[in-house]
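Colleague: I should like a close look at a single part of this model, namely its largest cavity. Which residues line the largest cavity? Please set the answer in the context of the rest of the chain.

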Amino acid sequence: MPPVDISQKPNEGPPEMDGDDWVPVGHFDSLHEANEHGLVILAMGEACRVEPAPAAGQFDLQAERGPAVNIAGELDEYAKEQAEEKARPPARHFPTRPAGAWLCCLWALILTAVFVRQAADDTLVERGASSSIGLFARGEWWRPFTALFLHADIPHLVGNLLAGCLFATFVARSAGAVRGWLLIFASGIAGNVLTAWVMYPQPFISLGASTAVFGALGILSGMGLIEMLHERTRRQFARITAPVLAGLVLLGWLGSGTHGHTDVLAHVFGFGSGLAAGAANGAFDARRLPEEI
């Protein structure tokens with residue numbers, strides 16, 4: 001795009017002032033650079049003009065004498081911001097990966113098949129639910145995993161299927177389908193183990209995929225945190241905390257309801273485990289990504 005002449009304010013004719021009323025506030029090697037700095041002056045509501053300098057190919061930016069001191073200070077601040085921007089390490093761009101819809105469909109099929117099997121086998125929940133006594137007193141190590149496939153009723157199952165497929169798709173798009181699902185299951189298992197550990201030696205039983213579902217939400221928050229850190233933006237604190245705050249809001253909204261089978265503690269530990277897993281995965285990806293300017 002050719003440089004725009006900003007020698008006067010918009011919608012105004014040429015300022016009728018003596019030459020002594022204009023003073024130089026900047027000297028630049030190109031017309032584009034002079035115009036760019038002139039926009040800073042116009043944003044202040046002041047007049048400016050660009051004049052050719054004695055040296056060929058160079059330009060002087062001039063402003064009215066009265067506000068010249070304030071304008072010079074504003075241009076200095078702008079120059080510092082530009083220098084800081086150039087000094088920042090280049091951002092790393094995280095790729096978007098295939099969602100792996102077949103894994104989501106397979107997971108939904110398995111959950112539905114297990115729920116149908118529960119109706120025919122009354123002992124399945126007793127043998128497979130997460131249990132503080134079963135895990136730590138009897139060494140039944142499989143329970144934190146098998147509990148993720150068991151559900152109390154149809155609304156419990158359908159709610160986890162809908163939320164799980166949604167969050168898992170986002171995780172797969174960021175981390176990859178296979179790795180994303182492994183992280184989700186790991187977060188769900190960790191959430192169940194931590195819940196049983198906190199409750200032990202009190203007898204405590206829980207079941208449902210919701211611990212893994214909130215693990216997926218935590219993974220998204222953790223990866224979002226790392227991506228914001230690598231964007232190197234201004235107002236960085238607000239940007240890097242936004243994904244985590246969004247995850248906590250959803251956790252409070254979806255994970256602490258009044259449903260009879262809601263296990264708030266498992267949701268919290270699932271989310272926390274996912275947050276750690278997502279941050280670790282984001283940091284791992286960031287080290288492998290090429291830097292782009």
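**The largest cavity and its surroundings**

Modeller: The residues that line the largest cavity are W107, G164, A168, W181, I184, A212, V213 and A216. Three elements each give two or more residues to this lining: helix 7 (154–175), helix 8 (177–199) and helix 9 (210–229). Among these contributors, helix 9 gives the most, with 3 residues. In terms of class, the lining consists of 7 nonpolar residues and 1 polar residue, and no charged residue takes part.

It should be said at once that this is a predicted model. As a general matter, rolling a probe the size of a water molecule over the atoms shows where empty space is left. Here, the volume of the largest cavity comes to about 50 Å³. The model has 2 cavities of 30 Å³ or more by the rule applied.

How far the coordinates can be read is a matter of confidence. The protein chain has an average pLDDT of 81, and 77% of its residues score at least 70. Among the elements of the chain, helix 6 (residues 143–146) has the highest confidence, with a mean of 96, whereas helix 10 (residues 236–254) has the lowest, with a mean of 58. Two stretches call for particular caution. Over residues 1–18 the pLDDT stays under 50, and the model gives this stretch 27 contacts beyond four places in sequence. Over residues 257–261 the pLDDT likewise stays under 50, with 7 contacts beyond four places in sequence. Where pLDDT is low, the predicted coordinates should not be read in detail.

To complete the context, the chain also contains a sheet. This sheet is open and has 3 strands in the order 1-3-2, with antiparallel pairing. Its edge strands, each of which pairs on one side only, are strand 1 (22–28) and strand 2 (48–52). From one strand to the next, the twist averages 30 degrees. Strand 2 is joined to strand 3 (residues 59–64) by 5 bridges in the antiparallel sense. One particular pairing places V50 opposite its bridge partner L61, which belongs to strand 3. Strand 2 and strand 3 also form a hairpin with 6 residues between the strands, in which G57 takes a positive phi near 80 degrees. As a general point about such elements, the side chains in a regular strand alternate between the two faces of the sheet.

Conventions
Residues are numbered from 1 along each chain as its sequence is written. Side-chain values use heavy atoms; hydrogens and water are left out. pLDDT is the predictor's confidence in each residue, from 0 to 100. Helices (H or I, at least four residues) and strands (E, at least two) are DSSP runs, numbered from the N terminus. Contact means heavy atoms within 4.5 Å. On a 1 Å grid over the protein atoms alone, a cavity is a set of points where a 1.4 Å probe fits but cannot get out, and a pocket is an open set with protein on both sides within 12 Å along at least five of seven lines; lining residues have an atom within 4 Å of a point. Grid points are joined across faces, edges and corners, and a volume is the space filled by probe spheres set on the points. Ala, Val, Leu, Ile, Met, Phe, Trp, Tyr, Cys and Pro count as nonpolar, Asp, Glu, Lys and Arg as charged, and the others, Gly among them, as polar. Two strands pair if DSSP finds at least two bridges between them. Axes are lines fitted to C-alpha atoms, for helices over the stretch in contact, and angles run from 0 to 180 degrees between N-to-C directions.
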